[in-house]
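Here's a quick briefing to keep open next to the viewer. Have a look at the sequence and the fold, then work through the notes.

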Amino acid sequence: MTLSLSKDTIQVLKEQDVVFLKNRVKETAVKIKMGLVNQTRLLTACSELVRNMMRYANGGACVIEVVSSGRNNGVRLTFSDKGPGIPDISAAMQDGFSTGKSLGLGLPGTKRLVNEFDLKSKVGEGTVITIIKWANG
Amino acid sequence: MDKIPILRMGAFLLVTIQVDLYDRLALNLEADLVQMVNKTSAKGVLIDISAVSIVDSFMGRIIGNIASMSKILDAETVVVGMQPAVAITLIELGLPLKGVHTALDMEKGMNLLKSMIDLTGVDADEDQSDDDFITE
């Protein structure tokens, strides 16, 4: 079972908000004594997801939580937007698939960097992506 | 607006990235650097990323772009000082930065650049030394 220990919601609408969000995520990761490599993985994942949110949905919100499961602590990030949604999730999760002009590594790459990855999307309503990175996972 | 300085040292351009890149800054760097290569007819570009703690797929693409664009303009690019955690993340992300030369630190990067450029610039150097000889 995963318990949430603290919760912090950040609205991301402008480019400055992205920098602020990354700093808050980093602070949270440092607070639970996450190792440097895992911190880098988490921040890179955060960077990918927040870029998607800005590019495809003109921004959204990110919830930063410290979660605990047994003896393990971790950071859970929930990105939610009210963008166009993803019509074909299994295609979006494949390496090299992109509807924009990018490399198409964002979603599948992010999944490889974190411990838990959950994507829910409805066309026309928006997308919610939840990731968890454990401090020693 | 922030700007990343590009320094010229002989036939090389040096770029030291001291801040965490955000998208617009990286795009500006790409444009500035390619223009500088053209303006100074530089033969090599050395990019120091030792202070960069995150390279995501976008930044990785920009670095790859800079290398390929410089290549077309006849300049080699070497990226130096990548943090180990960044290397791990890049590979897991699926971005092996093919076609970009790397070196552990500034000194090794400089040597790599020199060795790459010497190979192609041998003729020009010989011509110059001949001229010197005659004038003396």
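What follows is a short tour, going from confidence to the two sheets, then the contact between the chains and a helix that sits by it.

This is a predicted model, so keep the confidence cut-offs in mind: local features need pLDDT of at least 70, and side-chain atom pairs count only at 80 or more. Chain A has a mean pLDDT of 91, with 100% of its residues at 70 or more. Chain A carries an open antiparallel sheet of 5 strands, while the 5-strand open sheet of chain B has mixed pairing.

**Confidence in chain A**

- Confidence in chain A bottoms out in helix 3 of chain A (residues 89–92), at a mean of 89.
- At the top end is strand 5 of chain A (residues 126–134), with a mean of 96.
- As a general caution, predicted coordinates should not be read in detail where pLDDT is low.

**The sheet of chain A**

- The strand order is 1-2-3-5-4, and the pairing is antiparallel.
- Strand 1 (3–12) and strand 4 (116–122) of chain A sit at the edges with a single partner strand each, so one side of each has no neighbour in the sheet.
- From one strand to the next, the twist averages 15°.
- Strand 5 of chain A pairs with strand 4 of chain A over 7 bridges and with strand 3 of chain A over 8 bridges, antiparallel in both cases.
- For a handle on the register, Val128(A) in strand 5 of chain A stands opposite Ser80(A) and also opposite Lys120(A).
- Ile129(A), also in strand 5 of chain A, has Leu119(A) opposite.
- Strands 4 and 5 of chain A make a hairpin with 3 residues between them. In that turn, Gly124(A) has a positive phi of about 90°.
- Helix 1 of chain A packs on this sheet, touching strand 1, strand 2 (60–69) and strand 3 (72–81) of chain A. The direction of helix 1 of chain A makes about 165° with that of strand 1 of chain A.

**A loop glycine in chain A**

- Gly96(A) belongs to the loop between helix 3 and helix 4 of chain A.
- Is Gly96(A) buried or exposed? Gly96(A) counts as exposed, because it has 9 C-beta neighbours inside 10 Å, and the cut-off for exposed is 12 or fewer.
- Gly96(A) and Leu107(A) are 11 residues apart along the chain, and their C-alpha atoms are separated by 9.9 Å.

**Chain B: layout and sheet**

- Chain B has 4 helices and 5 strands, and along the sequence they follow the pattern β-β-α-β-α-β-α-β-α.
- Chain B has 136 residues, of which 31% count as buried.
- Take the contacts in chain B between residues at least 6 apart in sequence: 79% of them join residues at least 24 apart.
- The strand order in the sheet is 1-2-3-4-5. Strand 1 (6–9) and strand 5 (101–103) of chain B are the edge strands, each pairing on one side only.
- The twist here averages 25° from one strand to the next.
- Strand 4 of chain B (residues 76–80) runs parallel to strand 5 of chain B, joined by 3 bridges. Val79(B) stands opposite Thr102(B) in strand 5 of chain B.
- Helix 1 of chain B (residues 23–40) lies across strand 1, strand 2 (12–16) and strand 3 (44–48) of chain B, at about 160° to strand 2 of chain B.

**Where the chains meet**

- Chain A puts 20 residues into the contact and chain B puts in 16.
- On the chain A side, helix 1 (15–31), helix 2 (36–57) and helix 4 (106–113) of chain A supply at least two residues each.
- Helix 2 of chain A gives the largest share of that side, with 9 residues.
- By type, the chain A side splits into 8 nonpolar, 6 polar and 6 charged residues.

**Helix 3 of chain B**

- Which residues are buried in helix 3 (residues 84–93) of chain B? They are Ala85(B), Val86(B), Thr89(B), Leu90(B) and Leu93(B).
- These buried residues cover an arc of only 135° around the axis, so they fall on the same side of helix 3 of chain B.
- Pro84(B) and Ile91(B) are exposed on the other side of helix 3 of chain B.
- The cover over the buried residues of helix 3 of chain B includes helix 2 and helix 4 of chain A, along with helix 2 (57–72) of chain B.
- Just after helix 3 of chain B comes Gly94(B), with a positive phi of about 100°.

Key. Residues numbered from 1 in each chain as written. Chains lettered and ligands numbered in written order. Contact = placed C-beta atoms within 7 Å. Nonpolar A, V, L, I, M, F, W, Y, C, P; charged D, E, K, R; others polar. pLDDT = per-residue confidence, 0-100. Pairing = 2+ DSSP bridges. Axes fitted to C-alpha atoms, helices over the stretch in contact; angles between N-to-C directions. Buried ≥ 20, exposed ≤ 12 C-beta atoms within 10 Å, placed from the backbone. Arc of directions from axis to C-beta.
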